[in-house]
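Here is my note on the model you sent. Please read it with the structure open beside you.

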Amino acid sequence: MHYQTESWGSYLATRSVGGDPLERIERLASASAVVIFSISSCCMCHAIKRLFCGMGVNPTVYELDEDPRGKEIEKALMRLLGSTSAVPVVFIGGKLVGAMDRVMASHINGTLVPQLKEAGALWL
């Protein structure tokens, strides 16, 4: 199965403006080449961080359990993914890649490295 990164701007356009957690996610996800939304005690989050660091990528990590508004962001990520599990969630170049399964599928099928290069997160 082939996974693509998804543009979620159209989803965001349907949300209300103001203190919307999805707007905050968009802002944070666009601020760095690779962004991971994580929970510090989550083993899958640790594994995804190790994957990127092992590839020579320095992701920006947002630990939701250390953020006062982390629960709001976590709920928004669950809505965005259509999932009961919100973390880890990875954005590359401001685009939603997805949760652990999509990141690993991209890594295995060889599309992860080109995405990282295109976003400027990997130069090799």
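The points below go from the whole chain to its strands, its loops and one helix.

1. Status and make-up. This is a predicted model. The protein chain has 6 helices and 4 strands. From the N terminus on, the order is α-α-β-α-β-α-β-β-α-α.

2. Burial and surface. The protein chain has 124 residues, and 43% of them count as buried. The cut-off here is under 20% relative accessible area. The accessible surface comes to about 6,700 Å². Carbon and sulfur atoms hold 55% of that surface.

3. Contacts along the chain. Take the contacts in the protein chain with a separation of 6 or more. Of these, 63% are between residues 24 or more positions apart.

4. Strand β3 and its partners. β3 covers residues 89-92. It pairs with β1 (residues 34-38) in the antiparallel sense, over 4 bridges. β3 also pairs with β4, again in the antiparallel sense, over 3 bridges. F91 is a good residue to click on. V35 stands opposite F91, and in β4 the bridge partner of F91 is L96.

5. The two faces of β3. Which residues of β3 point one way, and which the other? V89 and F91 point one way, while V90 and I92 point the other way. All four are buried. The general rule is that in a regular strand the side chains alternate between the two faces of the sheet.

6. The hairpin. β3 and β4 form a hairpin with 2 residues between the strands. G93 in this hairpin takes a positive phi near 60°.

7. The cis bond. Check the peptide bond between V87 and P88. That bond is cis, with omega about -5°. P88 is found in the loop between α4 (70-81) and β3.

8. Helix α5. This helix spans residues 100-108. Which of its residues are buried? M100, V103, A105 and S106 are. In general, an α-helix has 3.6 residues a turn, so residues three or four places apart point the same way. M100, V103 and S106 are worth viewing with that in mind, as buried residues of α5.

9. What covers α5. The cover over the buried residues of α5 includes two helices, α3 (43-54) and α6 (112-119). It also includes the strands β3 and β4 (95-98). Thus β3 has antiparallel pairing with β1 and with β4, and is also part of the cover on α5.

10. After α5. G110 follows this helix. The phi of G110 is positive, near 85°.

Notes
Residues are numbered from 1 along each chain as its sequence is written. This is a predicted model: local features need pLDDT of at least 70, side-chain atom pairs count only at pLDDT 80 or more; totals for chains, interfaces and linings use all residues. Side-chain values use heavy atoms; hydrogens and water are left out. Buried means under 20% relative accessible area, exposed over 50%, partly exposed in between (1.4 Å probe, protein chains only). Contact means heavy atoms within 4.5 Å. Accessible areas come from the Shrake-Rupley method with a 1.4 Å probe; for residues, only the protein chains shown count as cover. Two strands pair if DSSP finds at least two bridges between them.
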